[in-house]
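The following exercises train the reading of a protein model. Please study the sequence and the structure before attempting each task.

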Amino acid sequence: MENGNAFLSGVGRDTLPQDFPAGMRVLVVEDDPNDLEHLTQILERCGYKVTAKASPREALKEVEENGEGFHFDIIMTVVHGGEEGDGFDGFDLLERVRDRYPVIIFSADYSKEMVMRTINEGACDFLPKPMCYQEVRNIWFHVDMQRGLEVDDPDEGVEGPSNHENPPEIK
């Protein structure tokens, strides 16, 4: 497709690429360089096209600069329980993009308060760190849900380890 777009807004299941979810565009935000590299590798191994950013502010800039004719299908961003960073965190990114993209929040703080805040502020899911391969592999499910498509078995047609294998963890 033109400009690397894997999906167009308002498409139905029958108009998605035959190899869906391969080619789905993921914007991932992680401030730890090792974790970012590892998560990027796993997402790519799942067949996703990944744009990796080291901060929510960089991710927002990417979204705003490339808004016309270019989009992401889903955004994954890290948040922290404490006060960290430059005052613009994953929750700020969520607030700015949640009306356009499904957003998955992930964090090492998976307290009830953190999970509830995530969902209450509009994220489509919360994933605790370390994430398992299976959770990362099935993020396409949220793209289907947002587009109002009929959601089939999340494991059907997806490459990678089966449910019965021990896939690598993302720290």
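Four exercises follow, each with a worked solution.

This is a predicted model, in which local features need pLDDT of at least 70, side-chain atom pairs count only at pLDDT 80 or more, and totals for chains, interfaces and linings use all residues. Residues are numbered from 1 along each chain as its sequence is written, and side-chain values use heavy atoms, with hydrogens and water left out.

**Exercise 1. Determine how strand E1 pairs with strand E2 and with E3.**

Solution. Step 1: Helices (H or I, at least four residues) and strands (E, at least two) are DSSP runs, numbered from the N terminus. Two strands pair if DSSP finds at least two bridges between them.

Step 2: Strand E1 (residues 25–29) is paired with strand E2 (residues 49–53) in the parallel sense, over five bridges. Opposite arginine 25 stands lysine 49 of E2. From E1 the chain crosses through helix H1 (residues 33–45) to E2, and this β-α-β crossover is right-handed. The term right-handed applies if, with the strands pointing away from the viewer, the path from the first strand over the helix to the second runs clockwise.

Step 3: E1 and E3 are also joined in the parallel sense, over four bridges. Valine 28 has methionine 76 as its bridge partner in E3.

**Exercise 2. Establish whether the residues of E1 are buried or exposed, and examine threonine 40 in helix H1.**

Solution. Step 1: Buried means under 20% relative accessible area, exposed over 50%, and partly exposed in between (1.4 Å probe, protein chains only).

Step 2: Five of the five residues of E1 are buried. Arg25, Leu27 and Val29 point one way from the strand, while Val26 and Val28 point the other way.

Step 3: Threonine 40, located in H1, has a relative accessible area of 14% and is therefore buried. Contact means heavy atoms within 4.5 Å. Apart from its neighbours within four places in sequence, threonine 40 is in contact with Val28, Val50 and Ala52.

**Exercise 3. Which residues of helix H2 are buried, and what do they pack against?**

Solution. Step 1: In H2 (residues 56–65), the buried residues are Pro56, Ala59, Leu60, Glu62 and Val63. Seen down the axis of H2, these fall within an arc of 155°, so they line one face of the helix. The arc is that of the directions from the helix axis to the C-beta atoms.

Step 2: Lys61 and Glu65, on the other side of H2, are exposed.

Step 3: The buried residues of H2 pack against E1, E2, strand E3 (74–78) and helix H3 (90–97).

**Exercise 4. Describe the surroundings of glycine 90 in helix H3.**

Solution. Step 1: Glycine 90 lies in H3 and counts as buried because its relative accessibility is 1%.

Step 2: Leaving aside neighbours within four places in sequence, glycine 90 is in contact with Pro56, Thr77, Val78, Val79 and Ile105. The C-alpha atoms of glycine 90 and threonine 77 are separated by 5.7 Å, although the two residues are 13 residues apart along the chain.
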